[in-house]
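Notebook open, structure on screen. I'm jotting down what I looked up, one stop at a time.

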Amino acid sequence: MGPMTDSQPAPLRADAERNRQRLVDAAREVFATRGLDVTLDEIARHAGVGTGTAYRRFPNKHALIEELMVDRLSDVEAIARECLDEPDPWLGLSGFFERALALMVSDRGLRDVMFSAGRGGEPLAAARQRVASVTTQLLQRAVDAGVVRSDLAPTDLPLINLMLDTLIDFGREVEPELYRRFLAITLDGLRPHPEGTKPLPVGPLDLPRFAQALANQRP
């Protein structure tokens, strides 16, 4: 058989791209339902391809996490920016909590990557920072408008989400909407009180201590 010419198809390259897309689609499904602690071998089985094929397309699971989860964090950023466009500062902030938590309900992988600095490299870190930048603007706008208590700090927002996130799995099998009850309680607690807001017993984490706590989360 002579050498392949430009007019001849390249079936191996086409097959390779199809297998790659099957792995990406399978990873998206498995990460969403089971979180990021699955193995590349499990993703390959879900995709219906051999493990050798999986490792030829991706050197490890972390490469798949980077590819998929940067996009998912971009979805969170987009929600935050849409909420920033809301004229009412309270509706913008509360709407972000509601929509971001609903997204995490549907995607365990997103929850894993949002609350662990050990997941992924620089692209994911940069995506987290973009989300933090917009949510800080959401909070500051609400503070300036006087619709939330004035002692809230930017690091409080992700920690509130982390706190509420624990309720998502806790109530999943008995009451999937349970987290919304405690979201309502939490949002009510963010409001200033007409008779004066009682000081919080502990100050907020500054950024270095927040980063340290995030790094200590199980990767």
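**Entry 1: the pocket**

I started with the largest pocket, which has a volume of about 700 Å³. It has 29 lining residues, and those closest to its centre are Arg128, Ala132, Pro158, Phe210 and Leu214. Note to self before going on: this is a predicted model.

Which helix gives the most to the lining of the largest pocket? I checked, and α7 does, with eight residues. Helices α7, α8 and α10 (207–215) each supply at least two residues of that lining.

**Entry 2: helix α8**

Next I took a ruler to α8, which covers residues 156–170. I wanted to see if its length made sense. With 15 residues at 1.5 Å a residue, α8 should span 21 Å, and its end C-alpha atoms are 22 Å apart, so the two values agree.

Then I asked myself which residues of α8 are buried. My list reads Asp156, Leu157, Ile160, Asn161, Leu164, Asp165, Leu167 and Ile168. These buried residues pack against α5 (89–105), α6 (108–114), α7 (122–145) and α9 (178–190).

Just past that helix I stopped at Glu177, in the loop between α8 and α9. Is Glu177 buried or partly exposed? Its relative accessible area is 40%, so I put it down as partly exposed. I also drew a line from Glu177 to Pro87: they are 90 residues apart along the chain, and their C-alpha atoms are separated by 28 Å.

**Entry 3: Leu138 in α7**

Back to α7, where I picked out Leu138. Its relative accessibility is 0%, so Leu138 counts as buried. What does Leu138 touch, not counting residues up to four places away in sequence? I wrote down Ala80, Cys83, Leu84, Gly92, Leu93 and Phe96.

I tried a distance here too. Leu138 and Glu86 are 52 residues apart in sequence, but their C-alpha atoms are 9.9 Å apart in space.

**Entry 4: rings**

Phe96 turned up among the contacts of Leu138, so I went looking for aromatic pairs because rings of this kind pair if their centres lie within 6.5 Å. I got a count of one aromatic pair. The partners are Phe96 and Phe97, at 6.4 Å centre to centre, with 55 degrees between the planes. Why tilted? Planes under 30 degrees apart count as stacked and over 60 as edge-to-face, so the rest are tilted. Phe96 and Phe97 are both buried.

I found another ring worth a line: Trp90 has Arg191 lying over its face, at 3.8 Å from the ring centre.

**Entry 5: Asp107**

Where is Asp107 found? I traced it to the loop between α5 and α6. I didn't want to guess about exposure from the word "loop", so I looked up the number. Asp107 has a relative accessible area of 4%, which means it is buried.

Leaving aside its neighbours within four places in sequence, Asp107 is in contact with Phe31, Ala32, Met69 and Arg72. I checked Gly189 as well: it is 82 residues from Asp107 along the chain, and the C-alpha atoms are separated by 27 Å.

**Entry 6: two residues of α1**

Last stop, helix α1, which runs over residues 11–34. I looked up Glu17 and Asn19 there.

Which of these is buried and which partly exposed? Glu17 has a relative accessible area of 43%, so I logged it as partly exposed. Asn19 comes out at 17%, so Asn19 is buried, the cut-off being under 20%.

For Asn19 I noted contacts with Val49 and Thr53, leaving aside neighbours within four places in sequence. For Glu17 I noted a distance instead: Arg57 is 40 residues away in sequence and 8.7 Å away in space, C-alpha to C-alpha.

Definitions and conventions:
Residues are numbered from 1 along each chain as its sequence is written. This is a predicted model: local features need pLDDT of at least 70, side-chain atom pairs count only at pLDDT 80 or more; totals for chains, interfaces and linings use all residues. Side-chain values use heavy atoms; hydrogens and water are left out. Rings of Phe, Tyr and Trp (its six-membered ring) pair if their centres lie within 6.5 Å; planes under 30 degrees apart count as stacked, over 60 as edge-to-face and the rest as tilted. Buried means under 20% relative accessible area, exposed over 50%, partly exposed in between (1.4 Å probe, protein chains only). A charge sits over a ring if NZ of Lys or CZ of Arg is within 6 Å of the ring centre and within 35 degrees of the ring normal. Helices (H or I, at least four residues) and strands (E, at least two) are DSSP runs, numbered from the N terminus. The expected span of a helix is 1.5 Å times one less than its number of residues. Contact means heavy atoms within 4.5 Å. On a 1 Å grid over the protein atoms alone, a cavity is a set of points where a 1.4 Å probe fits but cannot get out, and a pocket is an open set with protein on both sides within 12 Å along at least five of seven lines; lining residues have an atom within 4 Å of a point. Grid points are joined across faces, edges and corners, and a volume is the space filled by probe spheres set on the points.
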